[in-house]
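Me: Please take a close look at the pockets of this protein. Which parts of the chain line them, and what kinds of residues are found there?

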Amino acid sequence: MKNLIAFFEIPAVDFQRAIDFYESVLDLELTIFEYEHEKMACFVEDGQTMGAIASVPDFNPSAGGVLVHFRCKSIEESIRRARKKGGEVVIPKTRIESDYKGHFAVCTDSEGNRFGLYMDR
């Protein structure tokens with residue numbers, strides 16, 4: 001397998017607030033699609049959709065669900081942006097000790113979902 005993750009979805013109650021949160025924290029622009037009963041704001045990398053913020057009936061945010069880690073240039077800057085947009089830090093920037101693989105942090109987003117930040121050494 002080249003890439004183990006095929007796709008991820010992050011639930012949102014307030015779709016626009018969630019878009020604003022992730023675009024700000026990750027310093028990127030999401031591609032938005034709206035269908036009859038579903039809205040998606042997609043994370044696109046090298047022309048491939050990797051995941052999306054989803055506004056779908058009965059798909060609700062959860063602090064105890066799946067944890068997706070996003071690569072970032074600076075964990076400190078991403079945490080600052082997350083706090084500015086209503087997110088909170090659950091686990092502060094932490095060094096990954098096994099073979100020093102870099103650093104990670106865990107935060108909550110504007111919807112109450114947990115998400116991770118990852119930075120190479």
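Reply: Helix H1 (15-26), strand S3 (39-45), strand S5 (69-71) and helix H2 (75-84) each contribute at least two residues to the lining of the largest pocket. The model examined here is a predicted one. Among these contributors, S3 provides the largest share of that lining, namely four residues. The volume of the largest pocket is about 810 Å³. Its lining consists of 25 residues, and those closest to the centre are Leu28, Glu45, His69, Phe70 and Arg71. Two of the names in that group can be placed on strands by their numbers: Glu45 falls within strand S3 (39-45), and Phe70 within strand S5 (69-71). As to chemical character, the lining of the largest pocket comprises 14 nonpolar, four polar and seven charged residues.

The second largest pocket may be described in the same order. Strand S1 (8-11) and strand S8 (114-119) each supply at least two residues of its lining. S1 gives the most, with four residues. The space in the second largest pocket amounts to about 220 Å³. Here 15 residues form the lining, and Glu9, Ile10, Pro11, Val66 and Asn113 lie nearest the centre. Of these, Glu9, Ile10 and Pro11 belong to the stretch covered by strand S1 (8-11). The lining of the second largest pocket divides into nine nonpolar, four polar and two charged residues.

Notes. Residues are numbered from 1 along each chain as its sequence is written. This is a predicted model: local features need pLDDT of at least 70, side-chain atom pairs count only at pLDDT 80 or more; totals for chains, interfaces and linings use all residues. Side-chain values use heavy atoms; hydrogens and water are left out. On a 1 Å grid over the protein atoms alone, a cavity is a set of points where a 1.4 Å probe fits but cannot get out, and a pocket is an open set with protein on both sides within 12 Å along at least five of seven lines; lining residues have an atom within 4 Å of a point. Grid points are joined across faces, edges and corners, and a volume is the space filled by probe spheres set on the points. Ala, Val, Leu, Ile, Met, Phe, Trp, Tyr, Cys and Pro count as nonpolar, Asp, Glu, Lys and Arg as charged, and the others, Gly among them, as polar.
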